[in-house]
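Hi,

Here is the structure I promised to pass on. Have a look at it first, and my notes follow below.

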Amino acid sequence: MFARRRSARLEPVPIDFHDTANRRTYSGREADDSWRTAITGLADPAGAAVVDVGCGGGTYTRAWHELGAASVTGVDFSEPILDEARAAHGHLPGVGFRLGEAAATGLPDSSADVVFERALIHHVPDLAAVVREAARVVRPGGVYVIQDRTPEDVAEPGAPEHPRGWLFEVFPRLLEVENARRPSASTVADAMTAAGLRDVSSSSLWEVRRRYADREDYLAEIAERTGRSILHELDDGELDHLVAELRTRLSEGPVVERDRWTLWTAVRDA
Ligand SMILES: C[S@@+](CC[C@H](N)C(=O)[O-])C[C@H]1O[C@@H](n2cnc3c(N)ncnc32)[C@H](O)[C@@H]1O
């Protein structure tokens, strides 16, 4: 069984990105080939200036660099999370991190070939403002890519390769939280169009989130709420119940965790 967490949570506490206790929650993961293949079909990383807004621990900042981007700037509004990103990836040539709000990054107009936002928009209070900011920062002819889960993506049923779906079977109220914070595919597309972008389109991606050596590795992450803000909506007793329930649904061996995402792309008029 797992070590007891530092301080027991008797009530759910929504994630606070600025709390140093959460500084590593989006670190220590690598982008999978399923993501690389999909993304290179949507935007050309070779020699590109890329901005990764809401970069978290820099998993995808690094991935853009590895795909051949000339520069990648990770932007995030959390100092502790950015510190971890810098420590892990800041040494890579062309890779930099800066503190910034998604709706007001402070980056120059038309300075990016690609603006990328993964798992950001369901956390922002003003989607239109975030999309307008990206449309300002991307250069004419450049590409804006948003990756997030819609309510339909979240509602995908649980399965051994999609255990996230089981969270909502065990705690249906979590689905209400998700539905309240996640914009639909058309809401995002409309925001892109309203920001003056063209060629707006969307597609689905089953991305491998992580490969775990065995079930207990996976459950250890769940027990720590690592990289899953929705688990901050459970208190510790509920989290223990979830772990026990998932243990009955997964076999002991390796776990390959996949999630369904929506990818929206749009181009700034030349
Ligand atoms: C779910 S994490 C995603 C991290 C990373 N993009 C990934 O996919 O691994 C969301 C990140 O967005 C950041 N964030 C949330 N709201 C933000 C805002 N308004 N401005 C800038 N960053 C924000 C958080 O600090 C967090 O690091």
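A term to start with: contact, or touching, means heavy atoms within 4.5 Å. With that in mind, Asp259 touches Arg149, His162, Arg164, Leu205, Trp206, Glu207 and Arg209, leaving aside residues up to four places away in sequence.

Some ground rules before I go on. This is a predicted model, in which local features need pLDDT of at least 70 and side-chain atom pairs count only at pLDDT 80 or more, while totals for chains, interfaces and linings use all residues. Residues are numbered from 1 along each chain as its sequence is written, and side-chain values use heavy atoms, with hydrogens and water left out.

Back to Asp259. You'll find Asp259 in strand β7 (residues 255-268); strands (E, at least two residues) and helices (H or I, at least four) are DSSP runs, numbered from the N terminus. Asp259 has a relative accessible area of 1%, so Asp259 is buried. On that scale, buried means under 20% relative accessible area, exposed over 50%, and partly exposed in between (1.4 Å probe, protein chains only). The side chains of Asp259 and Arg164 are joined by a polar contact of 3.1 Å. A polar contact is a pair of N or O atoms within 3.5 Å; within protein, one must be able to donate a hydrogen and the other to accept it, and residues adjacent in sequence count only if both atoms are side-chain atoms.

Now the strands. Two of them pair if DSSP finds at least two bridges between them. Strand β1 (residues 49-53) runs parallel to β4, with 3 bridges, and Val50 stands opposite Val114 in β4. β4 is also parallel to strand β5 (residues 138-148), joined by 6 bridges. Two of the bridge partnerships there are Val115 with Tyr144 and Arg118 with Gln147. Between β4 and β5 the chain passes through helix α4 (residues 127-137), giving a right-handed β-α-β crossover; right-handed means that, with the strands pointing away from the viewer, the path from the first strand over the helix to the second runs clockwise.

On its way to β7, the pairing changes sense: β5 and β7 run antiparallel, again with 6 bridges. Gln147 has Leu263 as its bridge partner in β7. As for burial, 6 of the 7 residues of β4 are buried. In β5 it is 8 of the 11 residues, so β5 is largely enclosed by the rest of the structure.

Arg118 deserves a look of its own. Arg118 lies in β4 (residues 112-118) and counts as buried, at 12% relative accessibility. A polar contact of 3.1 Å links the side chains of Arg118 and Glu207. Among the residues that Arg118 touches, beyond those up to four places away in sequence, are Arg29, Tyr60, Gln147 and Trp261. Trp261 has a charge placed on it too: the charged end of Arg149 sits over the Trp261 ring, 4.2 Å from its centre. The test for that is NZ of Lys or CZ of Arg within 6 Å of the ring centre and within 35 degrees of the ring normal.

How many aromatic pairs does the structure hold? There are 8. Rings of Phe, Tyr and Trp (its six-membered ring) pair if their centres lie within 6.5 Å; planes under 30 degrees apart count as stacked, over 60 as edge-to-face and the rest as tilted. One to look at is Phe17 with Phe77: the centres are 6.0 Å apart and the planes at 55°, so the pair is tilted. Phe17 sits in the segment before α1 (33-40) and Phe77 in the loop between β2 (71-76) and α3 (79-89), so this pair ties together parts 60 residues apart in sequence. Phe17 is buried at 13% relative accessible area, whereas Phe77 is partly exposed at 34%. The rings of Tyr212 and Tyr218 have centres 5.3 Å apart and planes at 80°, so that pair is edge-to-face; both Tyr212 and Tyr218 are buried. There is also one aromatic cluster made of Trp35, Tyr60, Trp64 and Phe116.

Last, helix α9. Leu219 lies in it and is buried, at 0% relative accessibility. The C-alpha atoms of Leu219 and Ala244 are 8.9 Å apart, with their positions 25 residues apart along the chain.

Cheers
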